Amino acid sequence: IYGIPILCGFAYSSGLSYSVDLAEELGIDMSNVTSLDDLDAILAEVHEKDPDIYAIAAKSTSASLVNQMLTCDMLSDSIGVLMDPENGTTIESLYETETYKQLALKVRDWYEKGYIMKDQASTSETLLSLIAADKAFCGITNYTPGIEMEQMSSTNGKRVKVIPISDPLVSSTSVSVSTMCIPITCSDTTAAMKFLNLLYTNAEVINLIDWGIEGVHYERVKGTNTLITYPEGVTSENDGYGLNQGWSFGNQLISYAWETVGNDNYYDEMKAFNENAIQSQAIGFMFDSSSVKSEIAALDSVLAEYRLGLENGELDPEEYLPKFIQALREAGIEKVIAEKQRQLDSWVAEK
């Protein structure tokens with residue numbers, strides 16, 4: 001055991017974040033949107049009614065529309081993935097799959113129709129900053145319970161709704177986003193482990209770490225069991241603590257929740273979302289890339305050259321996807337996948 005995962009919302013699915021204000025202003029009915037297949041008609045309607053805004057935008061400069069729409073197990077780096085993580089452990093080259101090609105073609109179609117900004121791969125704007133400025137209608141993001149309130153903290157008061165458009169997935173990557181570790185330099189590992197145990201089992205301790213001192217940094221919301229807010233006269237500017245990072249410590253599911261989540265059932269919903277998610281067959285597996293580090297470096301260069309352009313519509317998949325695949329092969333992707341498959345097969349056998 002190298003680290004203990006934080007107990008929080010570690011399942012994820014693809015979600016469609018959209019501006020409620022713009023939907024109402026433009027008369028866009030989002031009530032029947034449940035999957036990617038419903039997006040084309042919505043984007044066409046948005047573009048027709050207001051061609052000056054981006055119908056859809058990527059989450060951030062480093063993210064892409066295609067990547068956010070994928071629900072495969074990336075096995076930490078996307079160089080060799082499980083396309084059907086619930087039912088198998090056969091690793092494939094993501095970029096050679098039909099799924100990837102069709103998503104790249106879809107995004108290219110959106111790009112050519114003017115739904116996406118032309119410099120998406122280089123802009124400093126994010127989806128939420130564009131929504132805040134009424135410059136974008138929607139985008140593809142992660143979905144977890146409570147994500148709407150989290151996103152609205154970055155939209156300058158503009159209302160956001162997030163529609164889940166894929167089944168949730170739990171993978172090693174999602175579980176290990178935040179972990180608690182005891183470093184090799186620790187002078188008293190027993191005491192450290194006792195404290196970690198408290199962070200996962202003792203609500204008083206985890207709330208002290210997450211939120212500070214009751215009555216000073218926060219107070220309970222009357223009529224609720226788990227919701228908190230600022231005491232009178234206290235704001236995020238002067239509270240003197242204000243970590244607001246419950247997902248970083250121990251067991252978030254036994255801590256209080258900020259009043260903006262809206263209800264006492266927030267962590268129950270998060271727990272149910274985790275438990276009902278697809279479980280990857282490779283949960284717990286971590287790839288050791290040390291034997292193929294030169295190939296990984298070469299592949300990273302190829303990915304930097306092609307990936308965002310293809311995944312945000314700037315490059316034509318019909319022309320550039322074959323070049324991308326060939327460059328990946330020349331850089332050694334087949335060797336990396338073979339090594340990753342060998343390690344995964346060994347891990348499965350031991351498991």
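Trainee: What makes the crossing of α4 and α12 right-handed?

Mentor: In this predicted model, α4 passes α12 with the near helix turned clockwise from the far one by less than a right angle, so the crossing is right-handed.

Trainee: Why is α4 called oblique to α12?

Mentor: The axes of α4 (residues 98–112) and α12 (residues 317–331) cross at roughly 140°. Roughly antiparallel requires an angle over 145 degrees, and roughly perpendicular runs from 65 to 115. The value fits neither range, so α4 is oblique to α12. The contact involves Y100, K101, A104, L105 and R108 of α4 with P317, E318, L321 and F324 of α12. By class, six of these residues are nonpolar, none polar and three charged.

Trainee: How do you know that R108 is buried and E112 exposed?

Mentor: R108 has 15% relative accessibility, under the 20% limit, so R108 counts as buried. E112 has 54%, over the 50% limit, so E112 counts as exposed.

Trainee: What makes R108 and E112 a salt bridge?

Mentor: Their N to O distance is 3.5 Å, and the cut-off is 4 Å, so the pair qualifies. Both residues lie in helix α4, four residues apart.

Trainee: Why is the pair of K106 and D40 said to tie together parts of the sequence?

Mentor: K106 forms a salt bridge with D40, with the closest N and O atoms 3.0 Å apart. K106 lies in α4 and D40 in α2 (residues 39–49), so the bridge joins parts 66 residues apart in sequence. K106, at 18%, is under 20% and therefore buried. D40, at 28%, falls between 20% and 50% and is therefore partly exposed.

Terms used
Residues are numbered from 1 along each chain as its sequence is written. This is a predicted model: local features need pLDDT of at least 70, side-chain atom pairs count only at pLDDT 80 or more; totals for chains, interfaces and linings use all residues. Side-chain values use heavy atoms; hydrogens and water are left out. Axes are lines fitted to C-alpha atoms, for helices over the stretch in contact, and angles run from 0 to 180 degrees between N-to-C directions. Helices (H or I, at least four residues) and strands (E, at least two) are DSSP runs, numbered from the N terminus. Contact means heavy atoms within 4.5 Å. Ala, Val, Leu, Ile, Met, Phe, Trp, Tyr, Cys and Pro count as nonpolar, Asp, Glu, Lys and Arg as charged, and the others, Gly among them, as polar. A salt bridge is a side-chain nitrogen of Lys or Arg within 4 Å of a carboxyl oxygen of Asp or Glu. Buried means under 20% relative accessible area, exposed over 50%, partly exposed in between (1.4 Å probe, protein chains only).
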